[in-house]
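Biologist: I have a model open on my screen and would like to talk it through with you. Could we start with the surface and then work inwards?

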Amino acid sequence: MSEMGRGAPARSVTADREIVISRVIDAPRELVFEAFTEVRHLSRWWGPEGFTTTTRSFEFRVGGVWDFVMHGPDGTDYQEWISWTEIVPPEGITLLHGESRGDPNAFESVLTFASDGAATRIEMRTVFPTKELRDEAVEKYHAIEGGRQTLSNLAAYVTEIVRKGAEG
């Protein structure tokens with residue numbers, strides 16, 4: 001038996017393949033969760049700063065697919081494909097995200113939604129098939145900053161709904 005790992009601090013076996021981003025959003029958990037469930041919401045906030053989204057098809061259910069194109073601020077189009085693998089309203093969503101069905105480089109994202117008083121703490125834990133793919137996502141595609149911007153866009157979108165609701 002190997003002695004490796006004995007006495008070492010507990011560390012996720014996927015730690016070198018994952019990116020974890022979290023944010024507290026000043027809106028109720030049900031609303032933050034709902035923003036992920038309907039394409040009319042997603043198309044308003046999904047993606048980093050300057051990106052827009054065109055949806056080809058969308059079915060929010062386990063086994064359902066969101067087939068879409070992200071348009072970068074420089075005019076580049078990115079083919080995207082998400083399949084929902086687990087949905088537990090309003091606590092969590094697990095999804096597989098790649099360029100198309102069967103993409104060998106697809107990655108899994110686990111989104112958790114926790115009430116934090118009147119606010120919601122959202123955590124996005126993304127696990128890549130390999131450390132190399134994770135490093136490429138971080139270095140070439142700026143995945144950490146992009147993820148932060150995406151959650152920032154989500155926060156701005158849902159807090160605006162809350163504000164308008166308070167006015168109405």
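Biologist: How much area does the chain expose, and what share of it do carbon and sulfur atoms supply?

Modeller: Keeping in mind that this is a predicted model, the chain exposes about 9600 Å², and carbon and sulfur atoms supply 51% of that area.

Biologist: And what percentage of the residues is buried?

Modeller: Of the 168 residues in the chain, 39% are buried.

Biologist: What about the overall dimensions, and how does the radius of gyration sit with a compact globule?

Modeller: The C-alpha atoms fill a box of roughly 65 × 40 × 30 Å when it is taken along the principal axes. The radius of gyration is 17 Å, and because a compact globule with 168 residues would have one near 15 Å, the value agrees with that expectation.

Biologist: Changing topic, how many helices and strands are there?

Modeller: There are four helices and seven strands, and along the sequence they follow the pattern β-α-α-β-β-β-β-β-β-α-α.

Biologist: In what order do the strands sit in the sheet?

Modeller: The seven strands form an open sheet in the order β1-β7-β6-β5-β4-β3-β2, with antiparallel pairing. The edges are taken by β1 (18–25) and β2 (52–58), and because each has a single partner strand, one side of each is left without a neighbour in the sheet. Neighbouring strands of this sheet are turned against each other by 25° on average, with direction ignored.

Biologist: Let's look at β2 and β3, then. How many residues lie between them in the hairpin?

Modeller: Six residues lie between β2 and β3 in that hairpin, and G63 in the turn has a positive phi of about 90°. The two strands pair in the antiparallel sense over six bridges, and in β3 the bridge partner of T55 is F68.

Biologist: Which residue in β4 stands opposite D67?

Modeller: That would be W81. Strand β3 covers residues 65–71 and strand β4 covers residues 77–88, and these two strands pair in the antiparallel sense over seven bridges.

Biologist: Which strands does helix α4 lie across?

Modeller: Helix α4, residues 143–167, lies across β1 and β7 (119–127), and the helix runs at about 25° to β1.

Biologist: One last thing, about contacts between residues at least 6 apart in sequence: what share joins residues at least 24 apart?

Modeller: Among those contacts in the chain, 46% join residues that are at least 24 apart.

Notes
Residues are numbered from 1 along each chain as its sequence is written. This is a predicted model: local features need pLDDT of at least 70, side-chain atom pairs count only at pLDDT 80 or more; totals for chains, interfaces and linings use all residues. Side-chain values use heavy atoms; hydrogens and water are left out. Two strands pair if DSSP finds at least two bridges between them. Axes are lines fitted to C-alpha atoms, for helices over the stretch in contact, and angles run from 0 to 180 degrees between N-to-C directions. Contact means heavy atoms within 4.5 Å. The radius of gyration is taken over C-alpha atoms; the globule rule is 2.2 Å times the number of residues to the power 0.38. Buried means under 20% relative accessible area, exposed over 50%, partly exposed in between (1.4 Å probe, protein chains only). Accessible areas come from the Shrake-Rupley method with a 1.4 Å probe; for residues, only the protein chains shown count as cover.
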